[in-house]
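Me: I would like to go through the empty space inside this protein with you, step by step, before I set up any calculation.

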Amino acid sequence: MGKPTGFLEYEREDSEALSPKQRIKNFHEFHVSLPNEKQQLQGARCMDCGVPFCQSGMMIGGMASGCPLNNLIPEWNDLLWMGNYEQAYLRLSKTNSFPEFTSRVCPAPCEAACTCNLNGLPVSIKENERTIIEYAYENNMIKPTPPVMRTGKKIAIIGSGPAGLACADRLNKRGHSVTVFEREDRVGGLLMYGIPNMKLEKKVISRRVELMKAEGVEFITGANVGTDIKAAKILKEYDSVVLACGASNPRDIKAAGREGKGIYFAVDFLKSTTKSLLNSNLEDGQYISAKGKKVLVIGGGDTGNDCVGTVIRHGCASVMQLEIMPKPPEKRLPENPWPEWPKVLKTDYGQEEAIEVFGTDPRVYQTTVKEFILDKAGNVKKAKLVKLESKKDEKTGRPVMVPVEGSEYEVEADLVLIAAGFLGSQDYVAKAFGVELNERTNVKTAQGSYETSVAKVFTAGDMHRGQSLVVWAIREGREAAQAVDRCLMGYTNL
């Protein structure tokens, strides 16, 4: 696979990112890809390692090690190295419905599990993937291929995020007639309004959606099933239904003053920016602006980082990002061995930009909000923070973060963004279809199954497994498609 000695002969070389001060001037993607000839050499670094952990998709220590889609990574790395782009694309698309999405937004558990990562730098799998899929688009390898025959079966998919799209794509290719219902004004779900434009340009989504339309998938936007459209009507008109509405119920912060103006969930903030950007290049003013504001971001994950990058592009006066947990180590600890996901410090694009603009890392660890301080008009103006320390819970024996007495201090903040994750799906769709939920408010199924408690109703993605990665959503969508097909036809060849 690849060149047997390639990992010894060639150093890892990544695409070049525009400088922070240059890229914050707009909301465009900011990585400049390597020339294809150089990227082919990166494919040559894939060693003939015998056991390709990169494509294993195993759960180790509660986290994915290797690609959840079981992508045939060594195979298409070898084909890239040989310059056989057409076969590389065919092998890539065999397991991944949307490589153009994952090659931009996936955190690359494949690279973390790469054998080269044990004692050096991993193969640049993610950028190799992007080179293959973009070459395929540019060279007209990807064309609409509607099914030759239709089965006569009709399927409704509720939600057009990565799980819904992957499920729709597979079922349509099988010959079923698929209609995707999306409550927003644009198709894409999390991909469209949950991920900022600088990480995933929306024309990339539109390109794929147009291809799916040409292949026969029907999309209905502005369709809020469970309110505007009755579940009973959907169940009557379609042979099967797939619920793929995501985990869109944000976790709140319980602190005095939470009712104050100027405090928003991160998802609402990011959505408002993207929608205004697409509608008017922000000229309509119909978004939550951070211009000139002292911003406090609560949450240290990817969404929190996306908020940091976005408020900097708005022109904020300052930004602070709170993280409940301690600062991660810079290198793997002995108790976190390869091929586990590395629990190490990661400085993402938004934090890089904050360091460049303001001179300091925006992250403050082991800290949370105790109180929001409001002015007479009810606007947030300050936040009272408190430091945290780890202690063992007497009942469970597990470590928990608890406030440190006397550690409170105040910071100025006139815009607060809560990026504390999600608790599960919004339950009105589940209630409308009468499906059971589990204790995490996700749609309940048997282990390894996608069938709900209601006949002919299935589920997939974050609505099924809880908040997770795009790559897991695509896998769930593909596997749910198999389950639906088997239910309708008595067997499946997907």
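The questions and answers below deal with cavities and one pocket in a model that is predicted.

Me: How many cavities of 30 Å³ or more does a search of the whole structure find?
Reply: The search covers the whole structure and counts cavities of 30 Å³ or more. With that cut-off, the number of cavities found is three.

Me: Which helix gives the most to the lining of the largest cavity?
Reply: The largest cavity has a volume of about 120 Å³, and among its 14 lining residues Cys67, Asn71, Cys106, Cys110 and Glu129 lie nearest its centre. Helix H4 (73-81), helix H7 (109-112) and helix H8 (125-138) each supply at least two residues of that lining. With three residues, the helix that gives the most is H8.

Me: How many charged residues has the lining of the second largest cavity?
Reply: This cavity holds about 80 Å³ of space, and its lining of 13 residues includes Cys46, Cys49, Cys54, Cys114 and Thr115, which lie nearest its centre. By class, eleven of the lining residues are nonpolar and two are polar, and the number of charged residues is none.

Me: Which helix supplies the largest share of the lining of the second largest pocket?
Reply: About 410 Å³ of space lies in the second largest pocket, where Thr445, Gln447, Gly448, His464 and Glu476 are the closest to the centre of the 18 lining residues. By class, that lining has four nonpolar, seven polar and seven charged residues. Helix H17 (462-465) and helix H18 (470-489) each supply at least two of them, and the largest share, four residues, comes from H18.

Notes: Residues numbered from 1 in each chain as written. Predicted model: local features only at pLDDT ≥ 70, side-chain atom pairs only at ≥ 80, totals over all residues. Heavy atoms only, no water. 1 Å grid on protein atoms, 1.4 Å probe; cavity = no way out; pocket = protein on both sides within 12 Å on 5 of 7 lines; lining within 4 Å. Points joined across faces, edges and corners; volume = space filled by probe spheres on them. Nonpolar A, V, L, I, M, F, W, Y, C, P; charged D, E, K, R; others polar.
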